[in-house]
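This report describes selected side-chain and helix contacts in the structure shown below. It begins with charges placed over aromatic rings and then turns to ring pairs, a helix crossing and one strand residue.

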Amino acid sequence: MEVSGEPGPTSQTFHDAQTQWSDPAMEDHIYSKGPTITCGVTTAPSSDSLPVAELTLKDDADCLLYTGIPLLEFKTLVSCLQHFAPKSSTLPAEDQILLTLMKLRQNFVIANLAKRFKMSPGQVSKTLKFWIDVIAEHTQDLIPWLPRETIKATLPKAFMDSFPNTTCIIDCTESVLQKAKNLDSRTESYSHYYASNTVKYLVATAPSGIVMYISEAYGGKCSDRFITQNSGFLDHLRAGDEVTGDRGFTIRDLLEERNVGLITPAFTHKKSQLTNEQVTRTRRIANVRIHIERAIRRLKVYKILSQTVPIHFVTKIDKILKICAALVNLRGELISSK
């Protein structure tokens, strides 16, 4: 039977089994439906879009852990160097510099750095080589040979009382080197002291602890005298200067040619014991020489120098030494001048 006219409000529409029924719950409160209102809320940027440096370096403790210098000094270094960044790299200059300093400070393997900075190992190696060259070139002014007047003005009390004319304290230190395949290279770098292949270098600090000089790297078999004589260190000295060194520095004749004094602990030679005056002087020398040891400990905070130096970094080791010494000086005074 057919019903003519418009369907009433109670009429039903019948659907077959293939019809998708609408959900009545979705039809509730239809009076509230209207135009969508978009709130002007700015969402926080994804962590993937932020520089690694911003995510990693939250304070001085983080910065010292990964770079060896405080956060302010790191940001200052970045601001001075960022315009040297290659245009072809998609990594921010800040992250490229951080990657390089992390390699020096913690000696992370290439694969670790690649994962941290979302790069290929090849890109990491290329970035490291580029920035080691750039940083070494533009931080060499951070290793100044201080004028005599500045050295005297910042002389710590321990020197003032016993060795007021001291210009610098010197010592040689070594870093273990990954064993080379070439036998001649192994022989040249073998150190009997470490019973391993090493690179050896001379460090000179002002009495205040500032690193004033660091030599190029020599094979571990080289003597302290040989490095002192051939590294160019002697060219910095002037007549009237005094150098404090260990017993191993048999360089008195080299210094006397330049009218420079040498302060070293006394030798017993064939004597049974030292005199009371020699014992007292030796103790005083040991008391001031501890500052060069502390400076070298700061240098060895950079694990590239305190752990085994990878063989593929041997060609860059001289520049790495310069960078680490410059960064040590960025940390400020080692000891108080009072």
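In this predicted model, the charged end of R116 is positioned over the ring of F108, at 4.4 Å from the ring centre. A second arrangement of this kind involves K322, which lies over the face of Y213 at 5.8 Å from the centre of the ring. Y213 also belongs to an aromatic cluster, together with W145 and F233.

**Aromatic pairs**

The count of aromatic pairs comes to five. One of them joins F130 and W131 in an edge-to-face arrangement, with 5.3 Å between the centres and 90° between the planes. The two partners differ in their surroundings: F130 is partly exposed, with a relative accessible area of 30%, whereas W131 is buried, at 0% relative accessibility. Another pair is formed by Y193 and Y194, whose ring centres are 5.4 Å apart; because their planes stand at 65° and an angle over 60 degrees counts as edge-to-face, this pair is edge-to-face. Here Y193 is exposed, at 72% relative accessibility, and Y194 is partly exposed, at 36%.

The accessibility of these four residues is set out below.

| Residue | Relative accessibility | Class |
|---|---|---|
| F130 | 30% | partly exposed |
| W131 | 0% | buried |
| Y193 | 72% | exposed |
| Y194 | 36% | partly exposed |

**Crossing of α4 and α6**

Helix α4 covers residues 93-106 and helix α6 covers residues 121-138; their axes come within 9 Å and cross at roughly 90°. An angle from 65 to 115 degrees counts as roughly perpendicular, and α4 is therefore roughly perpendicular to α6. On the α4 side, the contact is made by Q96, I97, L99, T100, L101 and K103. The α6 side contributes V124, T127, L128, W131, I132 and I135. By character, the residues of this contact comprise eight nonpolar, three polar and one charged. W131, a member of the contact, is the buried partner of F130 described above.

**T198 in strand β3**

How accessible is T198, buried or exposed? T198 lies in strand β3, which spans residues 196-205. Its relative accessibility is 0%, so T198 counts as buried. Apart from neighbours within four places in sequence, T198 is in contact with E174, S175, V176 and L177, with S189 and S191, and with Y218, G219 and G220.

Technical notes:
Residues are numbered from 1 along each chain as its sequence is written. This is a predicted model: local features need pLDDT of at least 70, side-chain atom pairs count only at pLDDT 80 or more; totals for chains, interfaces and linings use all residues. Side-chain values use heavy atoms; hydrogens and water are left out. Rings of Phe, Tyr and Trp (its six-membered ring) pair if their centres lie within 6.5 Å; planes under 30 degrees apart count as stacked, over 60 as edge-to-face and the rest as tilted. Buried means under 20% relative accessible area, exposed over 50%, partly exposed in between (1.4 Å probe, protein chains only). A charge sits over a ring if NZ of Lys or CZ of Arg is within 6 Å of the ring centre and within 35 degrees of the ring normal. Axes are lines fitted to C-alpha atoms, for helices over the stretch in contact, and angles run from 0 to 180 degrees between N-to-C directions. Helices (H or I, at least four residues) and strands (E, at least two) are DSSP runs, numbered from the N terminus. Angles under 35 degrees count as roughly parallel, over 145 as roughly antiparallel, 65 to 115 as roughly perpendicular and the rest as oblique. Contact means heavy atoms within 4.5 Å. Ala, Val, Leu, Ile, Met, Phe, Trp, Tyr, Cys and Pro count as nonpolar, Asp, Glu, Lys and Arg as charged, and the others, Gly among them, as polar.
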